[in-house]
Amino acid sequence: MIMRLLTDGIGEVDLRDIGTYRARGGYRAVENALRRMSPKEVADEVSAANLRGRGGAGFPAGRKWSFLPGDGRPRYLCVNGDESEPGSFNNRMLVEDNPHLLVEGVICSSYAIGCSFAVIYLRGEFYEGAAIMGRALEQAAEAGYVGEHILGSDYSLRIVVHRGAGAYICGEESALLESIEGKRGHPRVKPPFPAVAGLYASPTVVNTVETLCCVPSIVNNGGAWFAGIGSPKSPGTKICSISGHVRRPGNYELVMGTPLRELVEEHAGGIRDGHRLKMILPAGASSAAMTPDQLDTPLDFDAMAAAGSLLGSAGLIVCDETTCAVKVALLGESFYAHESCGKCTPCREGTKWVEKVLARLEGGQGRPEDVDLLKSLVGEIGGGKCLCPLGDFAVTYLGSALKLFEDEFVAHAHGRTCSERLQARPTASVATGEVLSA
Amino acid sequence: MVLDPAETKEMVARYPERRSVVLPLLWRAQERIGYISDEAIGEVAAAAGVPASEVSSVVTFYTMFRREKPPARRLQVCRSLSCAMAGADELVAALREMPGCGEKFSVETVECLAACDRAIAGIYNEGLVGPLNLAGSAKLVRDGGAAGAAAPAGSSGAGAPLEGGGRP
Ligand SMILES: Cc1cc2nc3c(=O)[nH]c(=O)nc-3n(C[C@H](O)[C@H](O)[C@H](O)COP(=O)(O)O)c2cc1C
Ligand code: SF4
Ligand code: FES
C-alpha cells in the first residue's frame, strides 16, 4: 500500500522552497523538539518507533544513538548520501525534491544526540543535489533553524554539505568518515565502531538519508504512532526504487510489509509487454536473486531475509526472460572489481578473477570446469573474510544465480552464448546509423 | 594561483579540523580550471595542512578528479545493470564511432548514477541526463548545449512515477 510519509507533495509542489515546505507543516518537528522536548525525549521517541536503518542493514536507529559514550568529547552526525548501489535511487529523490525534510531530520537527530556539527555527505555525481541542499541550508539558517541559538534556545548546530568524488566504497560508514577527513575512502578496522571513535576519533552517528527523513514525523506524532505502521518488526514506510524491465520504473513509497507482487505488478505496471518475469534483484546488484514464485514475500527486513535475500535499501532491479543470468553476474562483478578499495586480497584479486572467468563464459569461450571454479571462488571471497562487506556483496548474486540458473552457466561453459543476451530496449534506436554521419 | 585565498580560508573554517577541506578544495580547483593541476595540489596541501603526496593519492583514488583538461563536451554513460539492460553498451559503441570522438568530445562509461528509472542515464558535463537514446546523445556530444532529446533527469516521485515512467 502506498503511504506518502516522506514523499508527500513531491511532484505536486516545490518543496525546495522553505515557504512551501513550512506551509505544509514543515519545521514543526524542530519547534516541537526544541521547545517542548528534551534531547533524551526525542531519542526515546525514536527508540519507541523502532526506526530501523534504511541504508541496508536495518539496525535500529535509537539503539545506535544509545551507544554514544558520554565522555565529554564532541559528538558528530554524518548523513550517508553516497547512494551508489546499482538499483537504488530513493535518496537522490529525497535530496533533490524534499531537501528540507532531510535538514529537519538532521536538526532533530543532532539535538537528540547532543551534536553541534553535522555533515551531509553526498556522492560527487549529485551535482544538482548538492546545490539544492546548499540552498535549503541557507534558507533554514535565515529562518533561524540552523546556526547559533536555534529558535532562541541554548542549542546551536552547524551543518555542512560534503561532496564525495566518485567511489562506491565511501558509502561504507567508516570509509565515509575517512572521506570526510580528507583521505582516501578505505574502510577502517572495526572495532572501534563509529559510535565510539568516528569522525576525528570522536563519537559519531552515521545514518542514511531516508532514516533521518523519518525522524520529523516521529517527533510530531510519537514513536508509538510510527511503530504502528506496517510490519510490527519493521515499522514505517520504505521508498522502493524499481527499475529494469517494468512498465513504470520509479520510486514508490510503500508501507513496510507490502507484498513484492503489489509493487511489481500494480505500481510499476508489471513486466514490459510480451515478456515475463525471470528474476528480481531486490537490494540492487549485491543481493540474491528472487524468482516469480517469491512474489508474495512482504517487503520488510525480516521477511526478505527469510526469503533468502535482502530488503537492503530497496533498489529493485527487475529482469524479464530475455536477461542472461551470466551477463548479469558479469556486470555486477565488473562493478565490484572496479569499486574494491584494494585493501583485502580476496576482494581485490578475487573480484578480478571472477570477472575474468565470467567474461570468458559470457563471450562463449567458457571451459567446462569454469562452473565449479566459480562455485569455489564464491566460497573463497564471501563469508565475511574481508574487512568490509563489499567482499560478500561481490559474490552474493553470483552465488544465488549459480544455484537458480546453473543450467545457463553450464551452457555457457560449453561454448554456448545466449541468443538474446541482455537485450537492448526495442525502443532504443541504437541500430539506426543516420545520425552518426550527419 | 588556482584557489582564491579568502574563499579557501572561509572553507577551512567550516570544519572542526582543517584536513577535511581536502575534497571541497579539490572540487573548487577543478571547477575553476577544469582539472587538478600540480599547482592546485600544492595549494590544497598547504591549506589542509597535509603533505602534497597525500593529496595526490587522494586525487587518484577518487574517479571524478581529473589530472588533465577534458574536452568541452563530455558524456559519461552509465553501464550498470538497469542501464545495460536498456542498451548502454550498444549506445556507447555507436557514439564512439562518431567522428570527433576523443578530440572534440569524449564518451566514457561510469557506474550506476542513482537514476536507474531513467535508463540509459548519463552525465553530460556536470548534469545528470536521461533517458538517453542514440539520436539525443549524438546531438548532445556533437552540438552540446541544452540536452535536447536527453531530458534532464529530475527525480521521479513516489506513489506515481511522476517523471520516472516517461519512457516510451
Ligand atoms: C560497501 C558498502 C557500501 C555501502 N553504501 C551505502 C550507501 O551508498 N548508502 C548508505 O546509506 N549506506 C551504505 N552502506 C551502509 C553504511 O555502511 C551504513 O550501514 C549506513 O549508512 C547506516 O545508516 P542506517 O543505519 O541509517 O541505515 C554501505 C555499506 C557497505 C559495506
Ligand atoms: S572488502 Fe574490498 S572494499 Fe572492503 S575493505 Fe576489503 S578490499 Fe576494500
Ligand atoms: S544502473 Fe544506470 S543509473 Fe543505475
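1. Buried residues, meaning those under 20% relative accessible area (exposed is over 50%, partly exposed in between; 1.4 Å probe, protein chains only), make up 58% of the 168 residues in chain B. The accessible surface of chain B is about 6,500 Å², of which carbon and sulfur atoms supply 53%; such areas come from the Shrake-Rupley method with a 1.4 Å probe, and for residues only the protein chains shown count as cover.

2. This is a predicted model, in which local features need pLDDT of at least 70 and side-chain atom pairs count only at pLDDT 80 or more, whereas totals for chains, interfaces and linings use all residues; side-chain values use heavy atoms, with hydrogens and water left out. Residues are numbered from 1 along each chain as its sequence is written, and chains are lettered from A and ligands numbered from 1 in the order in which they are written.

3. Chain B has seven helices and four strands, in the order α-α-α-α-β-α-α-β-β-β-α from the N terminus. Helices (H or I, at least four residues) and strands (E, at least two) are DSSP runs, numbered from the N terminus. Of the contacts in chain B with a separation of 6 or more, 62% join residues 24 or more positions apart; contact means heavy atoms within 4.5 Å.

4. The interface deserves its own point. Chain A contributes 77 residues to the contact and chain B 63 residues. Together the two chains bury about 5,700 Å², with 60% of that area on carbon and sulfur atoms; buried area is the accessible area (1.4 Å probe) that two parts lose on being put together, summed over both.

5. Two salt bridges are found across the interface of chain A and chain B, each defined as a side-chain nitrogen of Lys or Arg within 4 Å of a carboxyl oxygen of Asp or Glu. Lys327(A) forms a salt bridge with Asp89(B), with the closest N and O atoms 3.4 Å apart. On the side of chain A that touches chain B, helix H13 (325-339) is among the elements supplying at least two residues, and H13(A) gives the most, with seven residues.

6. Within chain A, Gly81(A) lies in strand E1 (residues 76-81). Gly81(A) counts as buried because its relative accessibility is 0%. Leaving aside residues up to four places away in sequence, Gly81(A) touches Tyr121(A), Leu122(A), Arg123(A), Phe126(A) and Val209(A). The C-alpha atoms of Gly81(A) and Ala224(A) are separated by 28 Å.
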